[in-house]
Amino acid sequence: MQYFAGCPNVQVVTDRLEELGVDPAGVRFETVASPQDAERVGFRGSPTILIDDEDPFEEGSAPVGFACRVYRSEAGAEGAPSLAQLRVALGR
């Protein structure tokens, strides 16, 4: 998971992953520390979930940048994917 320090939605994603049976110890956390880092890694906002180095929630129009990420869910715009979205992305 790519994120920037202080992002409150990292814990939301971590909690949801745990709820789906994903051990947080198996999640690689990568801090994106600056706008330059964001550009270098193609960061689409915090938090960005990568599964096998692919972003299952990527929207072609989402800009690369050092910003908060917004996910479109069944409940509207959120700072993290919903449980249902994560379940689909993880194939569970």
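**Entry 1: Gln-85.** I began with the contacts of Gln-85 and found that, leaving aside neighbours within four places in sequence, this residue touches Phe-57, Arg-72, Ser-73 and Glu-74. I note here that the model is predicted. I then located Gln-85 in helix α3. Is Gln-85 buried or exposed? Its relative accessibility is 18%, and since buried means under 20%, Gln-85 counts as buried. I also looked up its polar side chain: one polar atom of that side chain lies 2.8 Å from the backbone nitrogen of Ser-82.

**Entry 2: helix α1.** I turned next to α1, which covers residues 9–19. Which residues of this helix are buried? I listed Asn-9, Val-10, Val-13, Thr-14 and Leu-17. Viewed down the axis of α1, these buried residues fall within an arc of 145°, so they line one face of the helix. I recalled the general reason: an α-helix has 3.6 residues a turn, so residues three or four places apart point the same way. The buried residues of α1 pack against β1 (2–3) and α3 (83–90). Just after α1, I found Gly-21 with a positive phi of about 90°.

**Entry 3: the nonpolar core.** I looked up the largest nonpolar core, which has 17 residues. Which of its members touch the most other members? They are Val-13 and Leu-17. Helix α1 supplies three residues, the largest share of this core. For Val-13 I recorded contacts with Met-1, Pro-47, Ile-49, Ala-80 and Pro-81, not counting residues up to four places away in sequence. I add the general tendency that nonpolar side chains in soluble globular proteins are buried together.

Definitions and conventions
Residues are numbered from 1 along each chain as its sequence is written. This is a predicted model: local features need pLDDT of at least 70, side-chain atom pairs count only at pLDDT 80 or more; totals for chains, interfaces and linings use all residues. Side-chain values use heavy atoms; hydrogens and water are left out. Buried means under 20% relative accessible area, exposed over 50%, partly exposed in between (1.4 Å probe, protein chains only). Helices (H or I, at least four residues) and strands (E, at least two) are DSSP runs, numbered from the N terminus. The arc is that of the directions from the helix axis to the C-beta atoms. Contact means heavy atoms within 4.5 Å. A nonpolar core is a set of buried Ala, Val, Leu, Ile, Met, Phe, Trp, Tyr and Cys residues joined through side-chain atoms within 4.5 Å. A polar contact is a pair of N or O atoms within 3.5 Å; within protein, one must be able to donate a hydrogen and the other to accept it, and residues adjacent in sequence count only if both atoms are side-chain atoms.
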